[in-house]
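Please open the model in your viewer and keep the selection tool at hand. The stops below are meant to be taken in order.

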Amino acid sequence: MELDPDDVFRDDEDDPENEALRQRASSKELVVYLVDASPKMFSTNCPSEQEDQKDESHFRIAISCILESLKTQIINRSYDEVAVCFFNTREKKNLQDLNSVFVFNVADREFLDRPTAKFIKELSRLEEFFVKEIGSQHGIVSGSRENSLYNALWVAQALLRKGSAKTADKRILIFTDEDDPFGNIKGGAKADMTRTTLQRVKDAQDLGISIELLPLSQLDREFNVSLFYADLIGLQGEDLAQFVPAAGERMEDMKYQLRKRMFKKRIVRKLTFSVANGVSIEVHTYAFIRPTVLGSITWLDSVTNQPIKIERSFICADTGALMQEPPKHFQTYKNQNVKFSVEELSEIKRVSTGQLRLLGFKPLSCLKDYHNLRPSTFIFPSDEEVIGSTRIFIALHRSMIRLNRFAVAFYGTSSHSQLVALVAQEEIIDSGGQVEPPGMHMICLPYSDDIRHAEELHSGTNAAIPRANEDQIKKAAALIKRIDLKDFSVYQFANPGLQRHYAILQALALEEDDLPEIKDETVPDEEGLARPGVVKAIEEFKLSVYGDKYDESDNAGHKKVSEASKKRKALADGAVQKSAQYNWDALADSGKLKDLTVVELKFYLSAHDLPVSGKKEDLVKRILTHMGK
């Protein structure tokens, strides 16, 4: 097998088979949603988000939030597994056969399993038949020894026995509007129920299961977490004072609270940080803002609808027999084939055995904005394997801040090496809590040939360089000030292409007739630009730069067309003609797009002014997305 030089020296981050990436993708979450189904949860005491609709119950709010979370989970974390469990129910359905606990599920699915379109669809219709087929009741009443909350925690703990705590995060999320579940019971019976329930929680936590509360407040009374649930979830001191219940007045408040609970900071990679003289500490890396990309295409069998497993076999060209030994790679050199085994190829690719090694320090003034090649990574110490890592990291962190220095380090994997800058960040706290955590940003530094010096603009050999005068600069500054976005954040704008792509997938999976409305937040704010102040600033800027005799219509048709533009237009016209020779709809419906060559696929992309970069799989996916398939 002939070697591909680009493949041999490809970066780990670009390699889908990279071991570190496989480990990162294998970590998953196991979540059990515990929803209180007592009669109080069905009272309509929450105003609806839509003025023309009736008020909503706490039960509906909880189900709606879970549905939104599951839809997001299928896109972002498809390998996570969930279960939805109701307590204080009339009917029972659980493996332990405990009263007042009903685990919701659909056919061909385990109680704790990956969410499916059928599961989400049935859960969305649950409220229609819940009271009739499952039923609601007070599971904890005076004079009865039945403890439905204890039973629910027992069932949830049993569901989370699946998997190991080292490879999966296990969580229980409780939805309820009852802040004192044993309030109707007095004396020793209440103390006994409280003690046994808290002991059940402690047993679950000892097994690595975290328990979180999503409380719903009544209109006339706020949820008092200190009555019981503070002990259940382990709140005390400042944590108890800072715990803010989810306001039950709007559904969006609860959705926001659930997103905060479900979005857990996941470790990208664990690194060994070599400081000096053989001293090494353990640090974890976390990714901040990254571009969102479309998920990879999974090919399914047309009959069973199961994922297709690709197997590859090598056949001897001389005998036609299957090759039993692993193939060897070769590279032609001086008319001879130099053979490489897999182990030798790994050694060739190995650049460094270290991961993160400190080289020295430099003043922060030496670090420029253009040195940041790509989004930085945040690093934080950990004492899981190397005791004392946090103490050494804090000492280094404080010294760098005090001396106004950043660290220069070598960051390398088996096939990629890079110099990085470690910039210490102080903790920022305001009245609402922590805004920025303490730690270090790892910024990838450029190589010398990555930096390009900007060339000055010369309109001619002896002509002077055009420069703006003071009036033009003043008018431009006034215009920018008028249209400046206040409190700008990248989170304010969603990718409309991705939103439409996932909306189509959701509609197909859930068999919905109408597509969800997608709001394109990237289009210009025409209403804002039409404000008198903005219009005046634009006109003054145009008058200052072009003068009062400038006519846009006269100059629109006299622009010179460059040779490059002519060439691009000719290529586009040729692509349109060649693209018309294919029946793209039929190819997409029959799944034969993958049989076309990359050149043929680019005919369609070029004809529709779409990017033509990427692998063949990316091109097929881009065509299907554009066609709405």
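A residue is called buried when its relative accessible area is under 20%, exposed when that area is over 50%, and partly exposed in between. Please keep in mind throughout that this is a predicted model.

**First stop: an open sheet**

Select strands β3, β2, β1, β4 and β5, which in that order make up an open sheet of five strands with mixed pairing. At the edges stand β3 and β5, and because each has a single partner strand, one side of each is left without a neighbour in the sheet. From one strand to the next the twist averages 20°.

Now narrow the selection to strand β1 (residues 28-36) and β2, which run parallel and are joined by seven bridges; one place to look is Asp 36, whose bridge partner in β2 is Phe 87. On moving to strand β2 (residues 81-87) and β3, you will find the antiparallel sense instead, with pairing over four bridges, and here Cys 85 has Val 103 of β3 as its bridge partner.

Which way do the side chains of strand β3 (residues 101-104) point? Val 101 and Val 103 point one way, Phe 102 and Phe 104 point the other way, and all of them are buried.

**Second stop: charged pairs**

Next select Arg 171 and Glu 212, whose side chains meet in a salt bridge with N and O 2.7 Å apart. Since Arg 171 belongs to strand β4 (residues 168-176) and Glu 212 to strand β5 (residues 209-215), the pair ties together parts that are 41 residues apart in sequence. Are these two residues, Arg 171 and Glu 212, buried or exposed? Both of them are buried.

Then select Asp 180 and Lys 190, where a salt bridge is formed at 3.7 Å, N to O. This pair links distant parts of the chain, with Asp 180 in the loop between β4 and α7 (187-206) and Lys 190 in helix α7, 10 residues apart. Lys 190 counts as partly exposed because its relative accessibility is 28%.

Staying in helix α7, select Arg 195 and Asp 192, which lie three residues apart, about one turn of the helix, and form a salt bridge whose closest N and O atoms are 2.7 Å apart. With 53% relative accessibility, Arg 195 counts as exposed, whereas Asp 192, with a relative accessible area of 25%, is partly exposed. Glu 29, Arg 171 and Glu 212 are joined into one network by salt bridges that share partners. The count of salt bridges comes to 14.

**Third stop: a closed barrel**

Select the seven strands of the closed barrel, which runs β6-β7-β11-β16-β13-β12-β10 with mixed pairing. On average, neighbouring strands of this sheet are turned by 40° against each other, direction ignored. Within the barrel, strand β12 (residues 405-412) and strand β13 (residues 417-425) pair in the antiparallel sense over six bridges, and Phe 410 stands opposite Leu 419 in β13.

**Last stop: two helices**

Finally, select helix α20 (residues 598-607) and helix α21 (residues 616-627), whose axes come within 10 Å and cross at roughly 30°. The two helices, α20 and α21, are therefore roughly parallel to each other, and their crossing is left-handed. To see the contact itself, show side chains including Leu 601, Tyr 604 and Leu 605 of α20, together with Leu 619, Ile 623 and Met 627 among those of α21.

How values were computed. Residues are numbered from 1 along each chain as its sequence is written. This is a predicted model: local features need pLDDT of at least 70, side-chain atom pairs count only at pLDDT 80 or more; totals for chains, interfaces and linings use all residues. Side-chain values use heavy atoms; hydrogens and water are left out. A salt bridge is a side-chain nitrogen of Lys or Arg within 4 Å of a carboxyl oxygen of Asp or Glu. Buried means under 20% relative accessible area, exposed over 50%, partly exposed in between (1.4 Å probe, protein chains only). Two strands pair if DSSP finds at least two bridges between them. Axes are lines fitted to C-alpha atoms, for helices over the stretch in contact, and angles run from 0 to 180 degrees between N-to-C directions. Angles under 35 degrees count as roughly parallel, over 145 as roughly antiparallel, 65 to 115 as roughly perpendicular and the rest as oblique. A crossing is left-handed if the near helix is turned anticlockwise from the far one by less than a right angle, and right-handed if clockwise. Contact means heavy atoms within 4.5 Å.
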